[in-house]
Amino acid sequence: MLRTRPQPKETFPLGPFTVPRVWVGLWQLSSNAWGSASAAKIRQAMARHVEMGYNAFADHYGSAEILYGQFKESLPSPAEVVGATKWCVFRQTDLSRSVVENAVRERMTRMRTTNVDLLQFHWQDYSDKGYLTALQILQDLQNEGLVSAVGLCNFDAIRTDEICTQLGPGFIVSNQVQFSLIDTRPLHGMADVCERHDVKLLTYGTLCGGFLADQWLNQPEPDLYSGVLTPSQRKYLDMILKAWGNWELFQSLLAVLRDIGDLHGGLSIANIATRWVLDHSFVGAVIIGARLGVSEHIDDNDRVFGFRLTDEDNRAIEAVQTRSNGRRMITLIGDCGAEYR
């Protein structure tokens, strides 16, 4: 029997905020390749998420910052929503105080706010230790009230440990990395770093671009170059086939997740895949991309709460994972974020 009753949201502390363990990802607003809707429909969709308790929004690329800022400004109580944006440094940069502050103020302007709730910092070149300088300046800006909380984005375990050790406890609150039943790299090093420094992961790719879903069960392997897949689906299909295993093994995983969902009252494959990630103590929240105004799954996302996977559930999942290259992915691809460097 399908469980339809809304479940109480799980929350966790993140810097000065208390936030839900499922966040709304806005990266799909950055391109029409995922489909598009009017700005009014997007703001209406944001309001529906907030009404359901999903009041944390992440990945404000380009126009997403502007749309989020318009939405937040329209609320009677703007403080009821939390927005996580990014500052990404891809090339050698003059890291003066004014450069870093201007980067923060630019995001404040676009998001129509007097400070940034969570600034997630990405640094491309580890051979350049300038990331420590940038973060020290961000720490000063946080003390001055321009930033409420600072997190990392796609940093590996070694650098995350270095940063947290040098800048002191409590400064870095999160690291946004990929983590799923397919990509389990955070289990091999990052988890220990998070536990040691009280850092929470904000995970993306939890549903592998929608492949960890009922609609792909018993389906033939899709053509990577057909033009039908979204950019996210092409990325994750490539990972499934070239790094993790093959389509036949992936179908075995989907079948196991379907059986587990049935045992838990008819929950979806996506629910089980999400719950598996949330059941790890070092995970703060999963970020689930939403094509706001085009395709949303608010009701289905609500069902990830109110249950935990059993030991038997996890053994069934692990039986499939051990037949994959999942544990070798950290050597095949590199640690968290290596695929972007």
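Which residue in S10 is the bridge partner of Gly 25? In this predicted model, the partner is Gly 289, and this pairing offers a friendly way into the fold.

The strands S3-S4-S5-S6-S7-S8-S9-S10 form a closed barrel of 8 strands with parallel pairing. From one strand to the next, the twist averages 30 degrees. Strand S3 covers residues 22-25, and 4 bridges link S3 to strand S10 (residues 283-289), with the two running parallel. Strand S3 also runs parallel to strand S4 (residues 56-58), to which 2 bridges join it. Gly 25 takes part here as well, standing opposite Ala 58 in S4.

The side chains of a regular strand alternate between the two faces of the sheet. In strand S3, Val 22 and Val 24 point one way, while Trp 23 and Gly 25 point the other way. Residues on both sides of S3 are buried.

Elsewhere in the barrel, strand S7 (residues 147-153) pairs with strand S8 (residues 172-178) in the parallel sense, over 4 bridges. Gly 151 has Ser 174 in S8 as its bridge partner.

Outside the strands, Glu 65 deserves a look. Glu 65 sits in helix H2, which spans residues 63-74. Is Glu 65 buried or exposed? Glu 65 counts as buried because its relative accessibility is 5%, and buried means under 20%. The side chain of Glu 65 makes a polar contact with the side chain of Arg 110, at 2.6 Å.

Attention now turns to empty space. Rolling a probe the size of a water molecule over the atoms shows where such space is left. The second largest pocket has a volume of about 220 Å³. Its lining consists of 15 residues, and those nearest its centre are Thr 184, Leu 187, Trp 276, Gln 321 and Arg 327. Helix H11 (residues 311-321) gives the most to the lining of this pocket, contributing 4 residues. By character, the lining of the second largest pocket comprises 5 nonpolar, 8 polar and 2 charged residues.

The structure also holds 2 cavities of 30 Å³ or more. For the second largest cavity, the volume is about 40 Å³. This second largest cavity is lined by Cys 164, Gly 168, Pro 169, Gly 170, Phe 171, Ile 172, His 197 and Val 199. The lining of the second largest cavity divides into 5 nonpolar and 3 polar residues, with no charged ones.

Conventions
Residues are numbered from 1 along each chain as its sequence is written. This is a predicted model: local features need pLDDT of at least 70, side-chain atom pairs count only at pLDDT 80 or more; totals for chains, interfaces and linings use all residues. Side-chain values use heavy atoms; hydrogens and water are left out. Two strands pair if DSSP finds at least two bridges between them. Axes are lines fitted to C-alpha atoms, for helices over the stretch in contact, and angles run from 0 to 180 degrees between N-to-C directions. On a 1 Å grid over the protein atoms alone, a cavity is a set of points where a 1.4 Å probe fits but cannot get out, and a pocket is an open set with protein on both sides within 12 Å along at least five of seven lines; lining residues have an atom within 4 Å of a point. Grid points are joined across faces, edges and corners, and a volume is the space filled by probe spheres set on the points. Ala, Val, Leu, Ile, Met, Phe, Trp, Tyr, Cys and Pro count as nonpolar, Asp, Glu, Lys and Arg as charged, and the others, Gly among them, as polar. Buried means under 20% relative accessible area, exposed over 50%, partly exposed in between (1.4 Å probe, protein chains only). A polar contact is a pair of N or O atoms within 3.5 Å; within protein, one must be able to donate a hydrogen and the other to accept it, and residues adjacent in sequence count only if both atoms are side-chain atoms.
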